Amino acid sequence: MKKKLIALGVLVVVVAVAVIFLATGRGGSDTIKIGVIMSTSGPVSHFGTQCRDAIQLAVDEINARGGVLGKQVQLIVEDDEKNPEKTMNALVKLATKDKVRVVLGALTSDCTLAITQEAQRRGILLFTPTSTNDAVTDAGDLIFRSCFKDSFQGQVMAQFAIENLNATKAAVLYDMNNDYSTGLTKSFEETFVALGGTVVATESYAGGDKDFNAQITKIKAADPDVLFLPDYYNTVSLIINQARNQGLDAIMLGPDGWDELVGQAGEEAVGNYFCNHYSPDADDEDVQEFVRKYRERYGITPNALAALGYDAAYIVLEAIERAGTDDPQVLKEALMETNKKYVTGHITFDESHNPVKSTTILKVVQGPDGRLTTEYVGMVDPE
Amino acid sequence: MTVLKTENLSIQFGGLMAVANLNLDVKKGELIGLIGPNGAGKTTVFNMLTGVYKPTAGRILVQDRTGQLQDISRLHPYQITALGMARTFQNIRLFKNLTVLDNVRIGNHLNVKYNSVTGIFRLPGYYREQKRIDEECRALLKIFEIEHKSDELAKNLPYGEQRKLEIVRALATKPHILLLDEPAAGMNPQETLELMDLIKYIRERFDLTIILIEHDMKLVMGICERIVVLNYGRTIACGTPAEVAHDPLVIKAYLGKELENGA
Amino acid sequence: MLKVEKLDVYYGNIRALHEVSFEVKQGEIVTLIGANGAGKTTVLHAISGLVPARSGSIRFLDQELTALAPHKIVQLGLAHVPEGRRIFANLTVKENLEMGAYTRKDAKAVKADYEQVFTRFPRLKERLNQMAGTLSGGEQQMLAIGRTLMSRPKLVLMDEPSMGLAPLLVSEIFEIIKEINAAGTTILLVEQNAQMALSIADRAYVLETGRVVLQGEAQALANSEEVRKAYLGG
Amino acid sequence: MAFLQQLCQQTLNGLSLGSIYALLALGYTMVYGVVKLINFAHGDILMVGAFVGYFVLKKWGITPVNLMLSFLPAMLFCMILGVLIEKVCYKPLRNQPRINALITAIGVSFFLENGARVLPFIGPNPRVFPTLPVVNYRLFGINISQVQILIFIVAIGLMLILNYIINHTKTGKAMQAVSFDKGAAALMGINVDRIISFTFALGSSLGAAAGILFASAYPQIEPYMGIMPGMKAFIAAVFGGIGSIPGAMLGGIILGVAETLTKGFLSSQLADAIAFGLLILILVVKPSGLLGKPMGEKV
Amino acid sequence: MSKKTNTIASALIVALFLILLNLLVWFRVIGEYTSQVLTIAGINAIIALGLNLISGFTGQLALGHAGFMAVGAYTTAALLMKVNLPMALAVLGGALMSALFGFLIGLPTLRLRGDYLAIVTLGFGEIIRVLMINLPELTGGPAGLKGIPTYTTNFAWRPVIPFALVYLALTLVVVLLNNLLNSSHGAAIVSIREDEIAANAMGVNVFYYKLFAFTLSAFIGGLGGALYAPFFGYLSPNMFNFQKSVEFLIIVVLGGMGNLTGTVVAGIGLTYLQEILRFLKDYRLVIYPVILIIVMLFQPSGIMGLFGNKEFSLTRLVSKMLGEKPLGGEESSDKAGEVQ
C-alpha cells in the first residue's frame, strides 16, 4: 500500500509540475513568437540539437540588439523525435495553443513533408533550414527552405565526376531508410547516366548500420572510378575508413552532409570531393564569426545543419523586420526579396521558394599542420 | 459393444518405454479403474488416448458419434473430444482466471450452434442459444452442487470443488467416454464417498463409459467393475476388484514385497 | 531435532495444510505416508522454505526456519531430496555432486565425501563424467541422494525415493536409506509405498487432505488394518 | 577465382561482425537462461561500455596496451550497472508475468539511451572513438585488419574465459543449475538471487567488451549506438536457441556471416528482410532455435 | 425485459456522449491540438485493442503490430490514390488487406510458443517495413507518401470528422470485441491463454482459434492504420518501426493484459501523457520511461488491477442507477469516450 502511495505521489508531482509549466509557458504580447520543431531526441538528435542551438544563438543575438520590430523574439521549441506524427502534433500545438504564425523546422524531410500541407492550410509560414527533399516546397507559397534540394547536389556531383574527374563508372552506397540519401542517389544516378556514364553498383544500408564491409567488398569488385556517398559525415567517415581498409581506391564524392568530415575522419579521407555551402574551416569572415560564437557558447564546432539553422533564423527575422509584421501573407513577400550573404552563402529565393545559392566543391586535403582540411576546387552556380 | 479398444499401444520417451503393449477392450457402459504405483504410466495412457501424446506403436480405436470404431491415434486432442471422449487432469488444469460458468461453457463449446460472426454482432439466435448454453451448464453444475458458485473465479474454489468442476467441464463436451485422472485426489473421505455416488449417477444419467485413474483404493474398489493394473508401463493384472486385490503381483507392486513375508 | 507445530500452508486461496504438527528426533527415520494430494510434499517444501508457511512454526535444532531462505536452511544441515529427483540434467554426475557440496568450504573433507558417496553408489563413479540427464531412473535417484549427502546433512528430507523405480531398485534404495541412517543421519521420509516405508521407519505419521490423522510406531502402523484399508481399500 | 576471393573476404568480414554479435548475444542468452527475461536493455550496455572505454582512453591515450587495459574499467562499470538494473528494475517483478519485466526492460533501455543523450558530458553528438593506426595484412588476396584480429582475439579469449567460468567454476556450475531448476538449486544451498546477479554481471561485462570492440571497429559512438547491434544480437540469441550458451555463440557468428553474405551477394536493400526471413524459416522448421532444447510441457 | 432497456439506455448514453464530445470539438471547447492528439490516441487505442486480443486474451505475445498498421494505412492510401475508391471502401480494404497478411503470417508461425512467436512477429513487422521502403512506387520510399486524400477538405470540419470517425470506430471495436469475448467463441479464445492443453482437451481447436484471433487482431490493427492514413495525409515506412510496435505493447500491458477498458484508458492516457510531458523539453524521453518503470514496479497488473481487473460496464452502471439488481458482469458495454 505504501509503495502504491509513493508511486501515486510521484505521478501527482509530475502532473502538477506539468500544469505549472503549462500555465507559466505563455509569453506576453510584446514578444514575437517563433515556433521551432526539431528532432532534439531520437536517432538524429545530434543534428537536431545543434540546429536548435544555432537558432537560439541567432535569436539571442538579435534580441541583444533590440529584437525585431522593437519586440523581443521568443522561441518555442518542440521536439519531434524524428517522428512525423509527433511533428504534426507539435505543429498543431504551436499553431493553436501558442498561436505562432512562423515555424522553423522540421529537421528531416519526412517530418517536414508530413506537415507542409497542414502548415499551408493553416496559413503558417514554415521555413525549414535542412529538409532537402525536392517535394518539400511543393505544398504551397508559405513553405520555404534555406538548404539545397536533393536533385541539385546530386546533379552537381555527377557533373563534376564526369567533366572534371573523367569518370565513366560510378558506384553509390546510400542509406535506404533516409530520404536525403535516396533522393541524392536518384538525382546523381540520373545525371550520371544522362551524361554518358554507367552506374556499376548501387548498394545500400539501413540507417544506424556501422558495418559496410560487405557492400564495399561488392563495390570493389565492380571497380568504379568514383563512389558517391550521399549521407552525413558521421556515417561517411565510417564508410571511407572501411573502404580504404579494404583497399578500394575509387574517388569518393559526397554532398553537403560531409561538411564536418574533416573533424571526424582520418587521413584516409584525403583526396575526396564534396560540395558544400559551408565549411567551418572556410576563411570567410561571417563563417569564422559564427563558428567562434557557437564554439564559445556550446563548446563544439557547429556542423552544416547548425549553420543552416542559424541562417534560417536570420533570414526569417530580417524578413519580419522588413515586412513590419509576422503575418505570413506579408512575410512571404518579404522573404522573396531576400538577397544577402549569410553564413552558408549568398541567398535569394526562386519562385518555388528554394534558395538560389551557389555550391562550392571542396577537396579533402591534409593541411600544413597535418590536420585534415578542405581545398576550394570550384564553384557551381544553380542553372 | 466395444467403445474403446487399444491394440499393442506403446510409447517411448527417449530410451524409456513408458507404456508397452497395452491392450484394452472397453465395453459400453463399463466403469474401469486404471491403477498402479506412481510412475507406472497411467497418465501417459490417458495422454495417448486423448491425443496429447502420439503413440510410438499400436492403435487406438474409439467409437465415434455414429457408432463406428475409428482409429484416433493420429488425431488432435480437440478432434478426439469431438468424437465423444473427454477427460480430466491429474494436476487440475482449470481455466483459473475464468468464472466457473465460463469453464463449463468452454466445455460446451463444441455444441454451440452459432458462428463467431453471430457472436460478434449478436445476430438473431445468439441470445436464444446463449440462454440454452447457460441453462445446460448450470444444470450440470447443479448436479455437482456448485451451481451457486457459477460466477466465482475457478481459482478461488476449494480443491475438492475444483476437481468436481473439472468433471463438469468434461461432461459439458457431451462425451460418451469419460476419462477421470485421480478425481478424488485431495478430497477427504466424506467427499470421496459423495464423489463415488456422483460418478455412478452421471454414468447412468449420461449413458457414459468411464475409465478412471485413482490412488484411493476405497473409491476404485468401491465402484469399478473392472480394474487394470499397470506397473512400469506393463499391464500386470486385469480383472474384478476382488481378483485384483488378491493378485500377488499387484500386492507386490503396490505394498512392496515386505508384505509377502508379512502377510 | 525437527519440530513442526500447527503448520498452515496455502496455495493461493486453497489451504493445503491444516495445522500439521509432528516431530523428528535425532537418529530416527520418520515417515509421512498418505495418498496423493494429502500434502506430504507440501510439508517438505515448507520445511525447506520452498513454499512459505502462512502460520505455525518449524524449528530445527532450536532455530526457527519459517523466515529463512532455502539456501540458508541447507547451511544449517538440513537437506532435501526432492520428488522426481530434479537432478541437473545439463550437468555431469560429478558436477551434480559438486552442487551438493556447494555451501561447503572444507575442500579436503569434501574430497573424502566424494569417495564415501562412490563407495555407497559405485555406479555413479562409473558414470562420473556422463551428463546426468542420460542416467537411468535408478541412477538418477542415487545421484539425487548422493548429491544431498555431499552437504553433510544432519537431517535429510526424502520425497518419494521409490517413484518410478523397478522393485529391485526400490529395495536397493531403501537399503541405502537405512545405511545412511545407521551412519548417523536423521531422515524424514515421504513415501507412497507405505509398507516399504514403514518397514524401515521408526515412527510414522499418516496425512490425509492436509491433516495428520494417524501417528505412531511404524511397526504398529504397518500391521494396522486402517493403513491397509487406506491403501488397498480392503 | 575472383568470386572465391570475394566469398572468403565476405566471410571474414562476417566472422568479425558475428564475433561481436556473439559476445552480445551471450548476455541475452545467459540472462534468459536464469530469469527467462529478454533483457532489452542489453544493447544499451554496449553503448555504456563503449563510452566508458572512450573516456578511459581519452585520459590514458591510445596505445595497444591501454586499449587492452581499457576493457577492465568498462567491464567493471557495466558489471555494476547490470547488477544495479537487475536489483532495482527486474528483481521486484520476478513473480509477476514475464511480460511485465519485458516492459520494464524496454523502459530501462529508453532510459539509458535518453539519459546518455541529456548527460552533459555525453550528449547527442557522435564522438570519434580513439583507434590505433590502421594496419592491413594481406593473405591470398584477402584483407585482414588489425582491428579484426583484435576482435577475434578478444572475442575468442572472452568466450574461453566464459566457458571456463561456466563449466569449471563452482559459481558457473551453480549458474547452470539455477537455469535448469531454481527450486532444486536452492535446495543445494545455492543462493539463487546471488547467482542471478552474477549472471547479469557476467553478461553485462561481456556487453561492455563488445562495446569497446564495436567502437574500435566502427570508431564512432553516440547514445543510440546500442539499438542496432542489440537487436541483431537478440535475434542471434533466439536463432541459436535462447538459453543456450553455445547457441548464442553459433547464432551470433552465423548471423554475422549470413548478413554480410546477403549484403555482398544478394541484395543490400533487402538484407534485413532476408535475415529475418531466414530466421523465421528456421524457427518454423525448428521451433527452439539451432541448439535450443525443445520445451515440452508436462501433462 | 429490463436487461434490454438497460442495453438500449446504455447505447443511447454512448451515442449522446459521442455527439456531445463532437460538439465540444466542433465549438473548439476541446481545442484543435487536443482533438488532434485525442484522435491519434483513439487510433492507438484501436490498434492496442487488436494487440490485446492476441496477446492479452489469447496469450500469444506479438511484437509486430506496427506492421499491420502499416499494411492497413498503405493499402488505404493506395486504394484512395491509385484506384480512387470511396473513402469507406478504402478504409475497409485496408483493414481487410491487413487481415489477409495476418492470416498468411499466422498460418505457419502460430504453432510457435511464447518468445519465439514474439520474435517471429517482430521479424515480420520489420520485413513489412523494409518492403515498404523498397516499394517507392507504392509508398514513396523513405521520404514517405504525401498528399493522401483526407476525410474532408473543409478546414472547419478537419478536426471534427476524423475525431468523430475514430471514436465511433473505437466504440464499435470495443463493443464488438466485448461481444465476441462474451460469446462461446470468445471463451474458447481465452481458454487458450489459460491453458492450451486443457482447451484442446475441451474440444477447442486451438490452432484455428489462434489463427482466428490473430487474423482479427491484424484486421483491427489494419483498421487503425486505415483510419490513420486519410486523417494524417502522410505516411512514411519509418513511422511503423519496432518502437511503434513496442508502444502498442506498452499500452496493453499498462492497461492490463486481457482488459478492454484498461487498453482504452491506457491507449488514450499514454498518448496524451507523451504530449503533456512536452514541457520537459529534452528530458521528456528520460522521464517517460521512468514513469513506465515505476508503474510496472508498483502496479504490475496494470492500471485496471487497481479496480480488480474488472471491465467497466455501462449497463451495470445504468442498472445500478435505476436501482435494479445488478445482472452480473455478463453484459458489459464498455465505452471509450468516458475516459479522458
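**Chain A, helices on the sheet**

I started with helix α3 of chain A, residues 84–96, in this predicted model. Helix α3(A) lies across β1, β2 and β3 of chain A, and I get about 170° between its direction and that of β1(A). Next I looked up helix α2 of chain A, residues 45–64. Helix α2(A) also crosses β1, β2 and β3 of chain A, here running at about 170° to β2(A).

**Chain A, the sheet itself**

Then I wanted the strand order. In chain A, 5 strands make an open sheet that reads β2-β1-β3-β4-β5, with parallel pairing. Which strands stand at the edges? They are β2 (72–79) and β5 (143–145) of chain A; each has a single partner strand, so one side of each goes without a neighbour in the sheet. I noted the twist too: it averages 25° from one strand to the next.

I picked one pairing to follow by residue. Strand β1 of chain A (residues 31–38) runs parallel to β3 of chain A (residues 102–105), and 4 bridges join them. On β3(A), V102(A) is the residue opposite I34(A). Reminder to self: strands of a sheet pair through backbone hydrogen bonds, either parallel or antiparallel.

**Chain B, one salt bridge**

Over all chains I have 68 salt bridges on the list. I looked up one of them, K174(B) with E136(B), where the closest N and O atoms are 3.2 Å apart. Why bother with this pair? K174(B) sits in the loop between α6 (159–172) and β7 (177–181) of chain B, while E136(B) belongs to helix α5 (residues 126–143) of chain B, so the salt bridge ties together parts 38 residues apart in sequence.

**Chains E and D, the interface**

Last stop was the contact between chains E and D. I find 37 residues of chain E in contact with 45 residues of chain D. The buried area comes to about 3500 Å², and carbon and sulfur atoms give 81% of that. Three residues, D115(E), Y116(E) and I119(E), supply 19% of what chain E buries against chain D, more than any other three.

How many salt bridges are there between chain E and chain D? I count 0. For polar contacts I get 5 residue pairs, both residues at pLDDT 80 or more.

Which helices of chain E supply at least two residues each to the side touching chain D? My list has α4 (87–109), α5 (114–133), α11 (242–255) and α13 (284–298). The largest share, 11 residues, is from α5(E). Sorted by class, that side of chain E holds 28 nonpolar, 5 polar and 4 charged residues.

Technical notes: Residues are numbered from 1 along each chain as its sequence is written. Chains are lettered from A and ligands numbered from 1 in the order in which they are written. This is a predicted model: local features need pLDDT of at least 70, side-chain atom pairs count only at pLDDT 80 or more; totals for chains, interfaces and linings use all residues. Side-chain values use heavy atoms; hydrogens and water are left out. Contact means heavy atoms within 4.5 Å. Buried area is the accessible area (1.4 Å probe) that two parts lose on being put together, summed over both. A salt bridge is a side-chain nitrogen of Lys or Arg within 4 Å of a carboxyl oxygen of Asp or Glu. A polar contact is a pair of N or O atoms within 3.5 Å; within protein, one must be able to donate a hydrogen and the other to accept it, and residues adjacent in sequence count only if both atoms are side-chain atoms. Ala, Val, Leu, Ile, Met, Phe, Trp, Tyr, Cys and Pro count as nonpolar, Asp, Glu, Lys and Arg as charged, and the others, Gly among them, as polar. Two strands pair if DSSP finds at least two bridges between them. Axes are lines fitted to C-alpha atoms, for helices over the stretch in contact, and angles run from 0 to 180 degrees between N-to-C directions.
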